[in-house]
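Me: I would like to learn how to read a protein model, starting with the overall picture and moving on to its empty spaces. Could you walk me through this one?

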Amino acid sequence: MTPRCRFSLLAFPIAAFLVGCGGDGMTAREGPPPPAAIDISVTGQTVTKARAAGNVVAFLQERLVSIHDPGLRPERTLTLVNDAGESSQPYATPSGWSLVDLAVHPSGELSLVLTNAREVRLVRLTPTGSVRSDQAVTDSAAASDPYFNYAGGLKDDGALQPVLIHDAARVLPLGENLLLVLRTGRNAIVAYRLDSDATGAYRQSWRTLVEPGASLLLIGIYVGSFDTFGQDEDHLRLYADVDPAGTLAVGVVETPQSSFAFQAHAEYFNDPISASVGVLLTRVRSEDGQRLGSTVIDTREVSELYGLRATSSGFAVVGRV
């Protein structure tokens, strides 16, 4: 196990810089006044994602849970807020399932991805939160994806979620269609394009192996240390976004002695990686699922990945070292 006693000092100089951006030299710009702010109170939870469509903003709210909870199962709820500040929670997650991620389509409809210990399902909602479709995700090929056993660890060949976490599914809107990215029970990372029909149900257009499966080990906390930002399960998660041109990017972090993404990638794709820590960013074309290449970000020290977003000229990743 890796000791996890660290302090984050980066927030202080960043905050100081932001405060220092105002002051002399700034001139007021003419134009319409900004819209009135809406104060939304969240008690005992945190907001993990916010997306807007039309006059509605969709939030994912999460109640923080103990790392000792089995399966590291997230407890998230969907909240919709209109431009009048009125909020509602129109969708109740079924018992035994976790709401993991959401995508908002141009029409204002939403796609939700739900997980449990082994399964994944997709729910399509109207802009007001009514269910249009609810279907299981199936993938018979997942049980035979390549797997590299470097250090043991747990796997479940027939599952669509890794044994160690139930928070390894991400959805992204592609117009009214959907991109789904999973880490499966063999710890492989797989991307799918799912096209919607007139009922809101999805059919698979393509499936792409983004990264092969490999050993994944838990990170434990030693006495006197602490867990911030979900760092103990950060190496199990995946991060994804799609740019306006339709290029999907998927990022995973490499944590020495706990994950083996670099080694498995190099061996399976015959693509040598000299770095031992950092982030592996793979791009996939959404039109046909073709892998466009991978980029290694060598952070030189043990790092954590907390987000990945498309920009006008590529992709940005954020985390800490």
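Reply: Happy to. Of the 321 residues in this predicted model, 47% count as buried.

Me: What does the secondary structure of the protein come to?

Reply: There are 2 helices and 20 strands.

Me: What share of the contacts in the protein with a separation of 6 or more comes from residues 24 or more positions apart?

Reply: Such pairs account for 53% of those contacts.

Me: And how much of the accessible surface belongs to carbon and sulfur atoms?

Reply: The accessible surface of the protein is about 16000 Å², and carbon and sulfur atoms hold 54% of it.

Me: Now the empty spaces. How many cavities of 30 Å³ or more does a search of the whole structure find?

Reply: The general idea is that rolling a probe the size of a water molecule over the atoms shows where empty space is left. Here the search finds 2 cavities of 30 Å³ or more, and the largest has a volume of about 100 Å³.

Me: Which residues lie nearest the centre of the largest cavity?

Reply: Look for Arg183, Asn187, Pro212, Phe260 and Ala261, out of 14 lining residues. Helix α2 (residues 261–269) gives the largest share of that lining, with 3 residues. By class, the lining has 8 nonpolar, 4 polar and 2 charged residues.

Me: Let me try a single residue. Is Ser215 buried or exposed?

Reply: Ser215 counts as buried because its relative accessibility is 1%, and the cut-off for buried is under 20%. You will find Ser215 in the loop between β14 (213–214) and β15 (239–242).

Me: Which residues is Ser215 in contact with, leaving aside neighbours within four places in sequence?

Reply: Among them are Tyr147, Phe148, Asn149, Gly152, Asn187 and Phe260. Take a look at Gly152 in particular: its backbone oxygen lies 2.9 Å from a polar atom of the Ser215 side chain. Asn187 and Phe260 also appear among the residues nearest the centre of the largest cavity.

Me: Let us finish with a pocket. What volume does the second largest pocket have?

Reply: Its volume is about 220 Å³. The elements giving two or more residues to its lining are β1 (46–53), β5 (98–104), β10 (169–174), β15 and β19 (304–311). Strand β5 provides the largest share, 3 residues.

Me: How does the lining of the second largest pocket divide by class?

Reply: It has 7 nonpolar and 5 charged residues, with no polar ones. To locate the lining on your screen, try residues including Lys49, Arg51, Asp241, Asp243 and Arg309.

Conventions:
Residues are numbered from 1 along each chain as its sequence is written. This is a predicted model: local features need pLDDT of at least 70, side-chain atom pairs count only at pLDDT 80 or more; totals for chains, interfaces and linings use all residues. Side-chain values use heavy atoms; hydrogens and water are left out. Helices (H or I, at least four residues) and strands (E, at least two) are DSSP runs, numbered from the N terminus. Buried means under 20% relative accessible area, exposed over 50%, partly exposed in between (1.4 Å probe, protein chains only). Contact means heavy atoms within 4.5 Å. Accessible areas come from the Shrake-Rupley method with a 1.4 Å probe; for residues, only the protein chains shown count as cover. On a 1 Å grid over the protein atoms alone, a cavity is a set of points where a 1.4 Å probe fits but cannot get out, and a pocket is an open set with protein on both sides within 12 Å along at least five of seven lines; lining residues have an atom within 4 Å of a point. Grid points are joined across faces, edges and corners, and a volume is the space filled by probe spheres set on the points. Ala, Val, Leu, Ile, Met, Phe, Trp, Tyr, Cys and Pro count as nonpolar, Asp, Glu, Lys and Arg as charged, and the others, Gly among them, as polar. A polar contact is a pair of N or O atoms within 3.5 Å; within protein, one must be able to donate a hydrogen and the other to accept it, and residues adjacent in sequence count only if both atoms are side-chain atoms.
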